[in-house]
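Work through the exercises below with the sequence and structure open. Each task is followed by a solution in steps.

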Amino acid sequence: MVGPNPKANRMCKSKSAIATTASTSSSMAAAASTPRNHRSPRTTGSYPAAYSYSTSSSTTASSAASLAALRDSLPELPLLLTFHDLAAATANFSSSHRLLPSTPSSSNSFRCTLRGHQAAVFRRPLRRDAGEVAARLASLGHCHHAAIARLLGAAASPDRTTLFLAYELVPGASPLSVLLRNPKNPSFTPLSTWHSRLQLAVDVCDALHYVHIQADTVHNRLSASSVLVSGDGPLPRAKIAHFGAADLAGELPVEQKGSGDSGESSSGSGGHRRSSSRGRRIEGTRGYMAPELVAGGPPTRRSDVFALGVVLLELVSGQEPVRYEMVNRGTGEYQRTSLIETAEAVAAEGGAEEGAMRRWVDRRLRDSFPVEAAEALTALALRCVAKDPLARPDMSWVAAKVSKLFLEAQEWAAKFRVPTDISISIAPR
């Protein structure tokens, strides 16, 4: 794709795009040679050309103040960074700056400070012409959603084979996979209420709906590891990471991108599977890849919906998508357990055995959840993970259904909440 998607521009572009499209659409091939003192309009105190003003004596203080207020009201745009910017911020990508030092993919992610922002930087293979990245960055950069980790900028490596993407580092956030399955304390989870899990489900569904409709693209990296959960209150909130990564790295087929129902690659942390189709390499997180992706097909909105369905099943059960348990140590034989298959078995038993669903739902919810709602969310998730892509619903339908379940969860929580304003004293009379 040579330029930004017209639909994406129409739906996502903010006023600040008027001042920046011309500059950001320049060729990315010049990125590595960009002077290191290049600065964002917001971070230097200068203003975009469309909002520049004279500094002569005739300029009043009130005009300057109003223009400053206008600048502050505009969303901060992602930057066309240079490789030197990132190398300096990460101490030449040293191990001390790795985001998750203990994970297999740690060599591809780093934490640093970029122009006053705490950032997480991810390294991806660049499979498109470097000159096209700036135009697509200008388009995606104007898309903002509260449940999406903000894209701060992008840079190409000097040899134009690698793309570095910088995102906001969400303060105090932990991956959903860690909160549901902490190996150090498997019997505990901070997500111990049905209400809190439905809140996360709503956030993820709203974010993916925005990616598909407003941004008109495919996420292609959704998993429990890419859902970031933060907040100290009774209802933590979620943000999905890696927005625009597949698009900017050139993993989505150019000829079908306008339809918003295609893509080319899937990637994430955790175990990976790879295959190839028409010379392309497909990467994806085990357990979240739709059957058509495993067969070598391109990612689409429907494959995003499949990954979402798996995440919803995780929220209900607390289980990981795929488990491998050793059956025979002598032969090294393992038994594979699929979360989708166990969910299908429970749903099939629902009518015959009333307690099947209650036993399958995460026990750490302490049996404190509406069984009918758990059945409804499981049924919805199973529709999302249907083997036939055409049988999966679109995100408008999914988001609406999950929102309805969340409202019911709110009512249920209010009805069964233990009073906290009553004190009881036990003493001899």
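**Exercise 1.** Determine which residues of E8 lie on its covered face and which on its uncovered face.

Solution. The covered face of E8 holds Ala238 and Ile240. Arg237 and Lys239 make up the uncovered face. In a regular strand, side chains alternate between the two faces of the sheet. Helix H8 (residues 194-213) lies across E7 and E8, at about 30° to E8; axes are lines fitted to C-alpha atoms, for helices over the stretch in contact (heavy atoms within 4.5 Å), and angles run from 0 to 180 degrees between N-to-C directions.

The model is predicted: local features need pLDDT of at least 70, side-chain atom pairs count only at pLDDT 80 or more, and totals for chains, interfaces and linings use all residues. Residues are numbered from 1 along each chain as its sequence is written, and side-chain values use heavy atoms, without hydrogens and water.

**Exercise 2.** Place E8 in its sheet and find its partners.

Solution. Step one: the open sheet has the order E6-E7-E8, with antiparallel pairing (at least two DSSP bridges between two strands; strands are DSSP runs of E, at least two residues, and helices of H or I, at least four, numbered from the N terminus). Step two: E6 (174-175) and E8 (237-240) are the edge strands, each pairing on one side only. Step three: four bridges join E7 (residues 227-230) to E8. Val227 has Ile240 as its bridge partner, and Val229 stands opposite Ala238. Step four: six residues separate E7 and E8 in their hairpin, and Gly231 in the turn has a positive phi of about 115°.

Definitions and conventions. Buried means under 20% relative accessible area, exposed over 50%, partly exposed in between (1.4 Å probe, protein chains only).
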